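User: Hi! I'm new to this one, could you walk me through it?
Analyst: Happy to; let's put it on screen.

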Amino acid sequence: TQSTRPQRILDAVQKNATRGDPRSVVKAIDHFCRNKEWAMNVGDEKGCILDSVVSEVNPATVLELGTYCGYSTVRIASLLPPHAKLITLEFNPDFAAIARQVIAWAGLEDKVQLVEGASGDWIPKMKEQFGVKTFDLVFLDHWKNSYLPDTKLMEECSLLRKGSVLLADNVICPGAPDYLEFVRSSPRYKSQYFKSHLEYTKVEDGLEKSVFLG
Ligand SMILES: C[C@H](C[C@H]1O[C@@H](n2cnc3c(N)ncnc32)[C@H](O)[C@@H]1O)NC(=O)c1cc(-c2ccc(F)cc2)cc(O)c1O
Ligand SMILES: [Mg+2]
């Protein structure tokens, strides 16, 4: 049967990365996507910015919207302090199945809870289902036109506290103009743009870091 791109990414990980070594998993995916097939992982250039924000926030609770194959899940989880938790939402079951195996290969299952489903359905259930009070860090990397409604939903569900950090991928390409306008003009956020490039290309893209002021 014809394999899918996520399956070929998993193959590249299982062939080239060392079990239990998250950095080798990240390296194997980046090598595959740079030399064989482009894929929509946050990538190595924006990934370094992601790493620096995760290290600065040192979060106990992280929410990732849009797991895809688990590349950024592995990057984030590998930097978390002990007992910290990352919940990642992915609504495509095929992608979720691949991501579970990528996360397992990295040996990070204990830090990651992958939830199969849509952010809009699960955000309101975070407290009752996972005992989450608030998120210290949210990585937005799902449908770009869901960034804004889901941010408003997280506010409504009191999942953000003074100092919570939102980090959004692709604010230039493919772009999230309504989200950018909102976080840059709202008095309740302190926003900062990190200029970079679309993963594995020379096209401009960037990450927007927005601190919720409460
Ligand atoms: C949206 C995808 C990422 C994943 O998100 C899941 N998803 C969605 N909506 C929800 C939800 N509401 N709840 C849970 N999961 C959800 C989905 O199934 C994908 O697996 N990401 C992108 O489309 C994406 C695209 C590009 C890109 C850039 C230039 C091009 F020419 C072509 C593509 C770059 C990127 O860096 C991306 O991140
Ligand atoms: Mg992205």
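Analyst: We'll start with the ligand and then look at some individual residues.

User: What should I know before we start?
Analyst: This is a predicted model, where local features need pLDDT of at least 70, side-chain atom pairs count only at pLDDT 80 or more, and totals for chains, interfaces and linings use all residues. Residues are numbered from 1 along each chain as its sequence is written, chains are lettered from A and ligands numbered from 1 in the order in which they are written, and side-chain values use heavy atoms, with hydrogens and water left out.

User: Okay, which residues come nearest to ligand 1?
Analyst: There are 22 residues around ligand 1, and Glu90, Asp141, Trp143, Asn170 and Glu199 come nearest. A residue counts as near if one of its heavy atoms lies within 4 Å of the molecule.

User: What classes of residue make up that shell around ligand 1?
Analyst: The shell has 11 nonpolar, 6 polar and 5 charged residues. Here Ala, Val, Leu, Ile, Met, Phe, Trp, Tyr, Cys and Pro count as nonpolar, Asp, Glu, Lys and Arg as charged, and the others, Gly among them, as polar.

User: Which atom of ligand 1 pairs with the side chain of glutamate 199?
Analyst: An oxygen atom of ligand 1, which is 2.6 Å from an N or O atom in that glutamate 199 side chain. Taken alone, ligand 1 exposes 740 Å², and the protein buries 83% of that. Those areas come from the Shrake-Rupley method with a 1.4 Å probe; for residues, only the protein chains shown count as cover.

User: Which elements give two or more residues to the shell?
Analyst: Strand S2 (85–90) and helix H9 (171–175) do. Helices (H or I, at least four residues) and strands (E, at least two) are DSSP runs, numbered from the N terminus.

User: What about aspartate 169, how does it sit with ligand 1?
Analyst: A polar side-chain atom of aspartate 169 lies 3.2 Å from an oxygen atom of ligand 1. The aspartate 169 side chain also makes a polar contact of 2.7 Å with the side chain of lysine 46. A polar contact is a pair of N or O atoms within 3.5 Å; within protein, one must be able to donate a hydrogen and the other to accept it, and residues adjacent in sequence count only if both atoms are side-chain atoms.

User: Is lysine 46 buried or exposed?
Analyst: Lysine 46 counts as buried because its relative accessibility is 0%. Buried means under 20% relative accessible area, exposed over 50%, and partly exposed in between (1.4 Å probe, protein chains only). Lysine 46 belongs to helix H3 (residues 43–57).

User: Changing topic: which residue does asparagine 41 touch through its side chain?
Analyst: Tyrosine 200, by a polar contact of 3.4 Å between the two side chains. Asparagine 41 is in the loop between helix H2 (22–35) and H3, and it counts as buried at 2% relative accessibility.

User: Any odd backbone spots?
Analyst: Most residues other than glycine have a negative phi, and most peptide bonds are trans. Asparagine 170 has a positive phi of about 65° although it is not a glycine; asparagine 170 lies in the loop between strand S5 (165–168) and H9. Tyrosine 68 also has a positive phi, of about 55°, and sits between strand S1 (61–65) and helix H4 (71–77), in the loop.

User: And where is the cis peptide bond?
Analyst: From cysteine 173 to proline 174, with omega near 10°. Proline 174 is part of helix H9.
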